[in-house]
Amino acid sequence: MPRFIRACSIICMLLAIPALAQAQSSYPDRPIRFVVAFPPGGATDTFFRQISNELSTAIGQSIVIENKGGAGGYVGWQYVAASPADGYTFLVAENALGINQALYKQHSSGFDPLKDYDAVAAMGSSPLVWTVANNVPANTFQEFIAWSKTVPGKFNYGHAGPGSVSHLAAEVIIDGAGMQAVPVPFKGGGPAAAAVAGGHVAVVVSSLPVAKGQYDGKLL
């Protein structure tokens, strides 16, 4: 029985962004750190781990992946912005980096993504899916809407943090369908996906690679 419903296809550009790397004739001569600003298991982390071995072979150096989740991405983003501009610390970013700058314009983030990072490459994109817990009696989006109207009060949905793609996409879908829901923030897409797999929340908007892994493992 299918447990995820493809709801939309939103491009999520994953950018490798160094802190103004300076050219060196022997570069790279030591391992390179790639920082993911969310916990393991989310879309950004899952995607980059799939290509990290090939990237390591291509550049001839070891790659160290560091997950620095927290504050909706700000912990990792600020960490990279404050790192030495030597080309050995990269940020594996996603569109949440730009979204949050627009959402919180009245609050200083401590860094400017346009000034503190240099964009190197767009590495991939992924559709999003409406991921439903096994304890929700719905196999289609229409059935989910009908079920939501029978729930006393509001159903809970998880997301990867305030202002994240999974948060905003879910809000757009919920509002457009006329549903009522309570958002439950997690530290990243991985923990949110684990919550829907465990039936702790009714739904999570996940990237397709994350949702597919759980679906194949019979968790959804």
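In this predicted model, the largest nonpolar core holds 28 residues. Within this core, W130, V136, F144, F155, I174 and M179 touch the most other members. Strands and helices both contribute. Two or more residues each come from β7 (128–132), α5 (141–148), β8 (155–159), α6 (165–176), α7 (189–197) and β10. Helix α6 gives the most, with 5 residues. A second core is separate and comprises 12 residues. Its members include L91, A93, A96 and L97.

Strand β10 spans residues 203–207 and contains S206. The relative accessibility of S206 is 5%, under the 20% limit, so this serine counts as buried. Beyond residues up to four places away in sequence, S206 touches P127, L128, V129, T131, A193 and A211.

Helix α1 covers residues 43–59. At 1.5 Å a residue, its 17 residues should span 24 Å. The C-alpha atoms at its ends are 24 Å apart, in agreement with that expectation. The helix nevertheless carries a kink of about 45°, centred on S52. S52 is also buried, as are T44, D45, T46, F47, F48 and S56 of α1. Just after the helix, G60 adopts a positive phi of about 70°.

Charged pairs were examined next. Side chains of opposite charge can pair when their charged atoms come close. Across the whole structure, 5 salt bridges are found. D29, R30 and D86 are linked in a network of such bridges. In this network, the side chains of D29 and R30 meet at 4.0 Å, N to O. R30 also forms a salt bridge with D86, where the closest N and O atoms are 3.0 Å apart. R30 lies in the loop between β2 (15–18) and β3 (32–36), whereas D86 lies in the loop between α2 (74–81) and β5 (89–93). The R30 and D86 pair therefore ties together parts that are 56 residues apart in sequence.

Accessibility was also computed for D29 and R30. D29 has a relative accessible area of 45% and is partly exposed. R30, at 37% relative accessibility, likewise counts as partly exposed. Both values fall between the 20% and 50% limits that bound this class.

Another salt bridge joins K68 and E66, whose side chains meet at 3.8 Å, N to O. K68 has a relative accessibility of 25% and so counts as partly exposed.

Note on methods: Residues are numbered from 1 along each chain as its sequence is written. This is a predicted model: local features need pLDDT of at least 70, side-chain atom pairs count only at pLDDT 80 or more; totals for chains, interfaces and linings use all residues. Side-chain values use heavy atoms; hydrogens and water are left out. Helices (H or I, at least four residues) and strands (E, at least two) are DSSP runs, numbered from the N terminus. Buried means under 20% relative accessible area, exposed over 50%, partly exposed in between (1.4 Å probe, protein chains only). Contact means heavy atoms within 4.5 Å. A nonpolar core is a set of buried Ala, Val, Leu, Ile, Met, Phe, Trp, Tyr and Cys residues joined through side-chain atoms within 4.5 Å. The expected span of a helix is 1.5 Å times one less than its number of residues. The bend at a residue is the angle between axes fitted to the seven residues ending there and the seven starting there.
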